[in-house]
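Colleague: Before I plan anything at the bench, I would like a close look at one part of this model, namely the place where two helices of the first chain pass each other. Could you also set that part in its surroundings, including the backbone features that deserve a second glance?

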Amino acid sequence: MKKFDAIIIGAGPVGLFSVHQLGIKGLKVVVIDNLNKAGGQCIELYPDKPIYDIPAVPECTGEELTNRLLEQIKPFKTEFFLNERVEEINQKENDWFVKTTSNNKFVAPNIIIAGGVGSFEPRKLALKEAEKFEGKSIFYAVKDKEKFKNKNISIFGGGDSALDWALELSKFSNITLIHRRNEFRGANHTLSQIKELEKSRKLTIKTPCQLESIGGGDKIKYISIKFDDGKIEKIDTDIILGFFGLIMKLGPIAEWGLNMNKKTIEVNPENFQTNKKGIFAAGDICSYPGKLKLILSGFHEVALASVECFKRARPKEKFRFEFTTSSKIIQGRLGKK
Amino acid sequence: MPKVTYKDFNGNSKTINVESGLSVMEGAIQNDIPGIDADCGGSMACATCHVYVEEKWLNKLPKAEDAENDMIDMAYNPKKNSRLSCQIILSDELEGLEVTTPEKQT
């Protein structure tokens with residue numbers, strides 16, 4: 001069990017900036033995120049799209065913003081726990097105990113939920129019968145390539161993940177790539193490699209069509225796909241891989257007893273504390289009168305929340321408001337002389 | 001103010017007046033129409049405002065951009081008449097528009 005001054009849920013821009021605001025106040029924090037990298041929606045949804053409303057930054061992409069925030073919080077040497085989601089929180093006196101999906105445990109007097117619209121999870125096949133094969137012969141990610149050797153694999157999707165895995169797995173398996181329309185969107189060199197494999201009959205492409213049904217008992221034997229013109233075709237299949245991108249799901253946060261407003265958490269706009277003392281919410285996930293879902297609003301929200309976090313983490317110390325331009329203590333924490 | 005009919009998966013429908021210039025998604029959110037989540041707030045980044053547009057209306061809409069089609073690839077149960085409702089901007093020409101929301105968005 002590791003002890004911190006604050007546990008940050010979400011490594012998006014607001015979660016990252018909260019590390020800065022807490023860090024300059026001398027608080028030690030840990031960041032947990034379900035994605036495999038920091039950046040949240042900025043990195044997952046629009047890494048290449050320019051953002052024009054970050055103060056003093058006329059234009060930067062989601063990826064650039066993330067990298068700059070990571071640079072800004074470097075002096076604090078913060079530990080990140082990625083690829084895991086907070087499952088449980090429990091209160092004991094003034095402390096919050098947190099457990100993640102990887103069974104990591106943390107304790108702190110403060111939790112800041114900067115969870116955006118929830119955690120990113122793979123979008124699944126719409127077909128109901130797909131559920132019972134999930135994790136056995138239907139997968140939405142490839143963790144261990146060995147499991148996918150010498151099989152008939154039907155890959156659904158039209159983006160980079162579908163194309164990349166079709167290429168990779170075609171080295172040792174029989175691949176059918178299936179997409180709902182004729183256009184694939186992926187890197188040009190990947191697309192041309194795919195086309196070459198198709199020409200040399202090392203890979204089959206089926207478009208425009210969608211999954212109609214799955215045949216088999218315990219294991220999948222074949223799938224039926226339906227083309228736009230109504231034609232149905234059976235394809236021998238052992239494994240289905242679906243790559244339909246990620247969706248955001250609120251997940252367990254909804255069950256923590258916080259006052260919710262649809263998919264957002266109600267906060268006091270004075271310090272962004274929720275109805276539970278020591279739990280704060282900031283960024284897209286919080287709601288209060290006049291809330292705007294802007295990155296810059298999230299920055300303001302964590303700045304204010306960090307003051308209350310300080311008071312809870314250091315009840316015997318008096319909070320002193322200081323500027324980074326003049327405070328020797330803050331400059332020291334930032335590694336400046 | 002064009003009238004828009006939002007039908008759900010079970011065939012229930014609700015017709016409301018939506019101000020011209022607003023999107024079909026905004027009309028739904030402002031009027032508490034269920035079935036449209038719009039998680040990303042209309043920035044074409046999430047595909048949770050996905051709707052099916054009746055055939056006769058589909059041709060009257062400006063064609064979907066590549067980016068919209070890329071996002072629809074990610075939608076729950078996309079069909080040929082799928083659109084993102086945040087990209088359908090209402091005008092008087094669309095008086096009477098009918099859209100159907102999918103069984104679910106995620």
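Modeller: What follows starts with the helix pair and then moves outward to the domains, the chain contact and the backbone.

This is a predicted model, and the description below should be read with that in mind. In chain A, helix α1 (residues 13-23) and helix α6 (residues 295-313) have axes that come within 9 Å and cross at roughly 35°, and the crossing of α1(A) past α6(A) is right-handed. On the α1(A) side the contact is made by A:P13, A:V14, A:F17, A:S18, A:Q21 and A:L22, while α6(A) contributes A:I295, A:G298, A:F299, A:V302, A:A303, A:S306 and A:C309. Of the residues in this contact between α1(A) and α6(A), nine are nonpolar and four are polar, with no charged residue among them.

As for the wider setting, the domain assignment divides chain A into domain 1, made of 2-121 + 247-333, and domain 2, which covers 124-244. The C-alpha centres of domain 1 and domain 2 of chain A are 38 Å apart.

Chain A also meets chain B, in a contact that takes 17 residues from chain A and 14 residues from chain B. On the side of chain B that touches chain A, six residues are nonpolar, four are polar and four are charged.

Turning to the backbone, most residues other than glycine have a negative phi, and most peptide bonds are trans. Against that background, the peptide bond that joins A:T207 and A:P208 is cis, with omega about -20°, and A:P208 sits in the loop between β15 (203-206) and β16 (209-215) of chain A.

Two residues that are not glycine have a positive phi, and I take them one at a time. For A:N150 phi is near 55°, and this residue belongs to the loop between β12 (138-139) and β13 (152-156) of chain A. A:N150 has 9 other C-beta atoms within 10 Å, so it counts as exposed, the cut-off for that class being 12 or fewer. For B:A38 phi is about 50°, and its place is the loop between α1 (24-30) and β3 (50-53) of chain B. B:A38 is classed as buried because it has 21 C-beta neighbours inside 10 Å, where 20 or more are required.

Terms used:
Residues are numbered from 1 along each chain as its sequence is written. Chains are lettered from A and ligands numbered from 1 in the order in which they are written. This is a predicted model: local features need pLDDT of at least 70, side-chain atom pairs count only at pLDDT 80 or more; totals for chains, interfaces and linings use all residues. Axes are lines fitted to C-alpha atoms, for helices over the stretch in contact, and angles run from 0 to 180 degrees between N-to-C directions. Helices (H or I, at least four residues) and strands (E, at least two) are DSSP runs, numbered from the N terminus. A crossing is left-handed if the near helix is turned anticlockwise from the far one by less than a right angle, and right-handed if clockwise. Two residues are in contact if their C-beta atoms, placed from the backbone, lie within 7 Å. Ala, Val, Leu, Ile, Met, Phe, Trp, Tyr, Cys and Pro count as nonpolar, Asp, Glu, Lys and Arg as charged, and the others, Gly among them, as polar. Domain bounds come from an automatic or database domain assignment.
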